[in-house]
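Biologist: I'm new to this structure and would like a close look at a single part of it, the sheet. Could you walk me through how that part is put together, and then place it in the rest of the chain?

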Amino acid sequence: MAAPFTLSPLPYEENALAPVISGKTIGFHYHKHHQTYVDTLNKLVEGTKYADMKLEEIVRATVKAIDENEKKIFNNAGQVWNHDFYWQSLTPKKPKPGGDLKKAIERDFGTVDTLIEELAKTGKEQFGSGWAWLVSKDGKLSVDKTSNAVDPMAMGTNCLLTVDVWEHAYYLDYQNERPKYLEAVLSKLLNWDFAAQNFAKELSRQQSAATASRYEDAKSDVGKAYSRPQEIAEAKDLSLQQKVELLKQWEIDLRGLMVASDENMPSTAPGQTAELLRGVRSQLTRLGAPEHEPAAVNKAGG
Ligand code: FE2
């Protein structure tokens, strides 16, 4: 069976980050260290359920492993994921934070420089091998540090950027001076475009969750979430299919209410219900779904 994991291509030439990180450091780091994690992971997962899983799934599934073999799988899978993320976190292109990311940085840190200072401090304080991270949780940015192969993603936190603070990341260029490496990398190489993409993914997930929640509210109590049929037809956060489904459900409910209102719901004014039903039908027509009778009734009638 072919080895399931491969070394991801570097997003730039090996010497593209020089002089901040030399081509020699990148060469060793990528071809020796990163490659070894990939090769070891492939050997460890052979014949196990992990051979068919995605890298992220393995990391999440093994982060709290107790079994020695699974711990090894976690260490190597985590390091493959972390290095893939690290290479993308750096770029020689010198982008600047913009848009939603810039607003969030200013809201949560004050300035980009303050954020960089905090990341540098966090990376410096990480005792022994590990990683410094810019992360977002529920749309709020913060910095974090992890030891060895651990990453915030394994615990369900959205990662925006990382810096490798294992000695192999800087020893050839900076010897034991991790703060100098951090200062240079953080001020000159951070890929803010990559961070913005990762932040946008979280914002989009948040939006989808909010829409799903609103949609569920609307399904359980149409009147509460959307007071008028027109609001559903014009809702920007619903798909056409969701709008039609909601309006059709409302139509069925109103039809039931019309029938029941005489005896069971004396407080409901039949005139208002009929008017609302006309409104629902008019919006269904507007959306191109003017099927006003439930299928069973059509069948029985025809
Ligand atoms: Fe590394």
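Modeller: What follows starts with the sheet and then moves out to the helices and a couple of single residues. Keep in mind as you look that this is a predicted model.

Let's begin with the overall layout. Three strands make up an open sheet, in the order 2-1-3, and the pairing is antiparallel. Strand 2, residues 140–147, and strand 3, residues 158–164, stand at the edges with a single partner strand each, so one side of each has no neighbour in the sheet. From one strand to the next, the twist averages 25°. As for what holds such an arrangement together, strands of a sheet pair through backbone hydrogen bonds, either parallel or antiparallel.

Now take the pairings one at a time. Strand 1 covers residues 130–137 and is joined to strand 2 by eight bridges, with the two running antiparallel. If you want a spot to check on screen, find Val135, whose bridge partner in strand 2 is Ser142. Helix 5, residues 112–125, packs on this sheet and touches strand 1, strand 2 and strand 3. The direction of helix 5 makes about 20° with that of strand 2.

How does the chain get from strand 1 to strand 2? The two form a hairpin, with two residues between them. Have a look at Asp138 in that turn, because its phi is positive, at about 55°.

On to the other pairing. Strand 1 and strand 3 are joined by six bridges, and these two also run antiparallel. Here a handy pair to look up is Trp131, which stands opposite Asp164 in strand 3. Strand 3 is worth a pause: seven of its seven residues are buried, so the rest of the structure largely encloses this strand.

That's the sheet, so let's zoom out. The protein has 13 helices along with the three strands. Its chain is 302 residues long, and 31% of them count as buried. If you take the contacts with a separation of 6 or more, 64% of them are between residues 24 or more positions apart.

Ile21 gives you an example of a link across the sequence. You'll find Ile21 in the segment before helix 1, which spans 23–45. Ile21 has 26 C-beta neighbours inside 10 Å, and a count of 20 or more is enough for a residue to be buried, so Ile21 counts as buried. Tyr181 is 160 residues away from Ile21 along the chain, yet their C-alpha atoms are separated by 8.2 Å. Setting aside neighbours within four places in sequence, Ile21 is in contact with Ile26, Asp173 and Val185.

Next come the early helices. The axes of helix 1 and helix 3 (68–89) come within 9 Å and cross at roughly 140°, and the crossing is left-handed. Several side-by-side residues meet here: helix 1 brings residues including His34, Tyr37, Leu41 and Val45, while helix 3 brings residues including Asn69, Ile73, Val80 and His83. Helix 2, residues 55–62, has Ile58, Val59 and Thr62 as its buried residues. Looking down the axis of helix 2, you'd see these buried residues fall within an arc of 100°, so they line one face of the helix. What they pack against is helix 3.

Towards the other end of the chain, look for Val280 in helix 12, residues 270–286. Val280 is buried, with 27 other C-beta atoms within 10 Å. Its C-alpha atom is separated by 7.4 Å from that of Trp250, which is 30 residues apart from Val280 along the chain. Not counting residues up to four places away in sequence, Val280 touches Pro229, Leu247, Trp250, Glu251 and Leu254.

Finally, a word on confidence. The pLDDT averages 88 over the protein, and 87% of the residues score at least 70. Two stretches deserve some care. Over residues 262–268 the pLDDT is below 50, and this stretch has five contacts in the model beyond near neighbours in sequence. Residues 294–302 also have a pLDDT below 50, and there the model shows two contacts beyond near neighbours in sequence.

Technical notes. Residues are numbered from 1 along each chain as its sequence is written. This is a predicted model: local features need pLDDT of at least 70, side-chain atom pairs count only at pLDDT 80 or more; totals for chains, interfaces and linings use all residues. Two strands pair if DSSP finds at least two bridges between them. Helices (H or I, at least four residues) and strands (E, at least two) are DSSP runs, numbered from the N terminus. Axes are lines fitted to C-alpha atoms, for helices over the stretch in contact, and angles run from 0 to 180 degrees between N-to-C directions. Two residues are in contact if their C-beta atoms, placed from the backbone, lie within 7 Å. A residue is buried if 20 or more other C-beta atoms lie within 10 Å of its own, exposed if 12 or fewer, and partly exposed in between; C-beta atoms are placed from the backbone. pLDDT is the predictor's confidence in each residue, from 0 to 100. The arc is that of the directions from the helix axis to the C-beta atoms. A crossing is left-handed if the near helix is turned anticlockwise from the far one by less than a right angle, and right-handed if clockwise.
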